[in-house]
Amino acid sequence: MTLPVPMTSFVGRAREVAAVADLLSEVRLVTLTGAAGSGKTRLALAVAERAAGDTAAWVDLAALSDPDFLVGHVAARIGVHEEECCLPLDTLCTALRERPLLVLDNCEHLAEACARLVETLLRECPALRVLATSREAFAIGGERAWLVPLLDTNDAVTLFVDRARAVLPAFHLTPEHTGAVEAICRRLDGLPLAIELAAARVQVLAPAQILARLDEGLRSLGAGSRTALPRQRTLRGAIDWSYALLGERERLLLARLAVFSGTFSLGAVERVCADPALPVEEVLDLLAALVEKSLVVMELQAGEARYRLLEVVRQYAQEHLVASGEEDALRQRHAEFFLDVTEQSAGSMFGHSARASMARVNDEMPNLRAVFEWSVTAPERAESALRLCVALNEFWRLRGLFSEGRQWLREALSLPAAANALRARALAGAADLARLQGDHSTVRTHLAAAEAIARQVGDRTA
Ligand SMILES: Nc1ncnc2c1ncn2[C@@H]1O[C@H](COP(=O)(O)OP(=O)(O)OP(=O)(O)O)[C@@H](O)[C@H]1O
Ligand SMILES: [Mg+2]
């Protein structure tokens with residue numbers, strides 16, 4: 001994937017961008033570390049633009065939870081087509097040999113797998129450099145960890161004013177506000193995300209009021225969680241504060257949005273999150289309110305608006321979703337929606353709408369992966385896992401993601417499930433992918449199993 005295009009201004013960081021770009025010309029692995037919301041991703045983006053522009057490969061790992069899928073995920077995100085009979089890692093190395101820079105964003109939860117992958121890539125691709133972001137460094141040989149500093153007060157104030165103007169164009173840093181805005185920035189330790197959340201409130205509160213309320217919120221929080229690192233505490237306080245000011249339905253929507261992985265469309269939110277407690281006709285306004293408050297990020301992708309939660313915000317929203325007792329119901333609706341999307345797209349992988357269908361599946365991959373991971377955790381959901389695999393088979397074949405597909409199928413087929421037509425179709429699909437990799441003994445085993453089921457259920461179409 002080429003570099004994402006942020007919808008908001010980038011502030012300051014000229015020295016940091018230059019320093020990290022210089023460092024990348026000296027060492028081949030630089031890991032930007034720092035607290036959640038401190039600006040690692042934004043800085044990585046600026047460095048990648050400067051160091052490699054369009055030739056940089058960008059892979060966001062926030063939505064991936066299973067390290068077994070790391071290689072497949074990276075390959076899919078940078079559009080690598082697997083070649084018949086080659087190991088996926090070899091194919092990935094071949095593709096990256098032509099690239100100057102790979103950015104791996106949000107590696108913290110997959111540190112070990114990322115470290116192994118990066119070691120291999122650096123060994124196999126002599127011209128490649130890797131820029132990673134992670135709340136903690138990998139601690140592998142050749143790595144240079146670089147702690148992203150907090151914004152200094154001047155830049156923090158500029159960020160505050162920029163974000164304040166986005167919601168209140170008439171906002172100016174008049175002398176009467178300057179002191180309060182500076183104090184807010186200091187109180188929030190120059191943490192960019194915390195500042196954005198605070199600034200989004202100038203529509204309803206004067207800076208001095210924001211400061212007073214934040215101060216109160218942060219003080220009460222400080223007493224309760226002495227163990228947390230101060231930065232984490234500050235950010236948590238800023239998010240809590242921002243959350244406390246939301247309306248009831250905005251809170252409900254924010255919690256429900258945690259069910260999505262990666263980016264999501266308005267249509268998906270309307271189908272998955274709306275119900276009698278959250279009427280569908282209000283969803284757009286509520287989503288707009290959350291974007292305005294910097295809790296949801298909007299991005300343009302091929303002419304369509306898509307949304308995402310920053311990782312810390314998603315984790316926060318997820319806590320509320322779990323506490324609400326609604327998680328299962330939401331996961332169920334999320335799975336049904338994305339199964340529908342995939343099955344519809346599967347029907348149009350050829351002909352004039354093929355390109356759009358492929359792109360759609362590709363865009364939704366983080367969500368499909370989430371559906372899959374949820375489906376394989378309980379035997380009664382085996383059917384969802386199999387349906388997803390059957391619907392994705394054509395996509396895997398056309399995109400050359402054979403190993404990735406086989407891995408999903410292996411997991412889905414290992415679940416206890418009825419010997420029915422669906423299972424037979426999944427087996428036939430697995431046989432197909434195995435054939436493309438020249439694994440003939442697996443082809444035979446799968447086909448024999450599929451035929452046995454077909455005979456048993458008398459379904460000739462299986
Ligand atoms: N220099 C900057 N100029 C403008 N906005 C910034 C800057 N740095 C960070 N931000 C904004 O602050 C928010 C948090 O930044 P970012 O996502 O880069 O943090 P992060 O360190 O990657 O967090 P996480 O650990 O959760 O991934 C984002 O909305 C981002 O756009
Ligand atoms: Mg990040």
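In this predicted model, Thr-342 counts as buried, with a relative accessibility of 1%, and it is found in helix H15. Within that setting, a polar atom of the Thr-342 side chain lies 2.5 Å from the backbone oxygen of Phe-338. When residues up to four places away in sequence are not counted, Thr-342 touches Leu-368, Leu-388, Ala-391 and Leu-392. For one of these partners, Leu-392, the C-alpha atom is separated from that of Thr-342 by 7.0 Å, although the two residues are 50 residues apart along the chain.

Another of the residues touched by Thr-342, Leu-368, belongs to helix H17, where it is buried. Helix H17 spans residues 365-375, and because eleven of its eleven residues are buried, the helix is largely enclosed by the rest of the structure. The buried set includes nonpolar side chains such as those of Leu-368, Val-371 and Phe-372, but Arg-369 and Glu-373, which count as charged, are also among the buried residues. The buried residues of H17 pack against helix H3 (70-77), strand E6 (264-265), helix H15 (327-346), helix H16 (354-363), helix H18 (382-399) and helix H19 (402-413).

Turning to the bound species, ligand 1 is surrounded by 22 residues, of which Val-11, Gly-37, Lys-40, Thr-41 and Glu-196 are the closest. The residues of this shell divide into nine nonpolar, six polar and seven charged, and at least two of them are supplied by each of helix H2 (40-52), helix H6 (153-167), helix H8 (192-199) and helix H14 (311-324). Oxygen atoms of ligand 1 take part in several short polar approaches: one is 2.7 Å from an N or O atom in the side chain of Lys-40, while a backbone N or O atom of Gly-37 lies 2.9 Å from an oxygen atom of the ligand, and a polar backbone atom of Arg-42 is likewise 2.9 Å from a ligand oxygen. Taken alone, ligand 1 exposes 630 Å², and the protein buries 94% of that area.

Thr-41, one of the closest residues to ligand 1, also takes part in the coordination of the magnesium ion (ligand 2), for which the protein donors are OG1 of Thr-41 and OD1 of Asn-106, at 2.0 to 2.6 Å. Because Thr-41 lies in helix H2 and Asn-106 in the loop between strand E3 (101-105) and helix H5 (111-124), the pair ties together parts that are 65 residues apart in sequence. The two coordinating residues fall into separate accessibility classes, since Thr-41, at 29% relative accessibility, counts as partly exposed, whereas Asn-106, at 11%, counts as buried.

Two residues other than glycine adopt a positive phi. For Arg-13, phi is near 70 degrees; this residue lies in the segment before H1 and counts as buried at 5% relative accessibility. For Asp-189, phi is about 55 degrees; its place is in the loop between helix H7 (175-187) and H8, and with a relative accessible area of 25% it is partly exposed. Ala-14, by contrast with the buried Arg-13, counts as exposed at 59% relative accessibility, and it is found in helix H1 (residues 14-26). The C-alpha atoms of Ala-14 and Gln-318 are separated by 35 Å, the two residues being 304 residues apart along the chain.

Technical notes:
Residues numbered from 1 in each chain as written. Chains lettered and ligands numbered in written order. Predicted model: local features only at pLDDT ≥ 70, side-chain atom pairs only at ≥ 80, totals over all residues. Heavy atoms only, no water. Near = heavy atom within 4 Å. Polar contact = N/O pair within 3.5 Å; in protein donor to acceptor, adjacent residues only side chain to side chain. Areas by Shrake-Rupley, 256 points an atom, 1.4 Å probe, with all protein chains shown as cover. Helix = DSSP H or I, 4+ residues; strand = E, 2+ residues; numbered from the N terminus. Buried < 20%, exposed > 50% of the residue type's maximum accessible area, 1.4 Å probe, protein only. Contact = heavy atoms within 4.5 Å. Donors = N, O, S within 2.8 Å, 3.2 Å for Na, K, Ca; no water.
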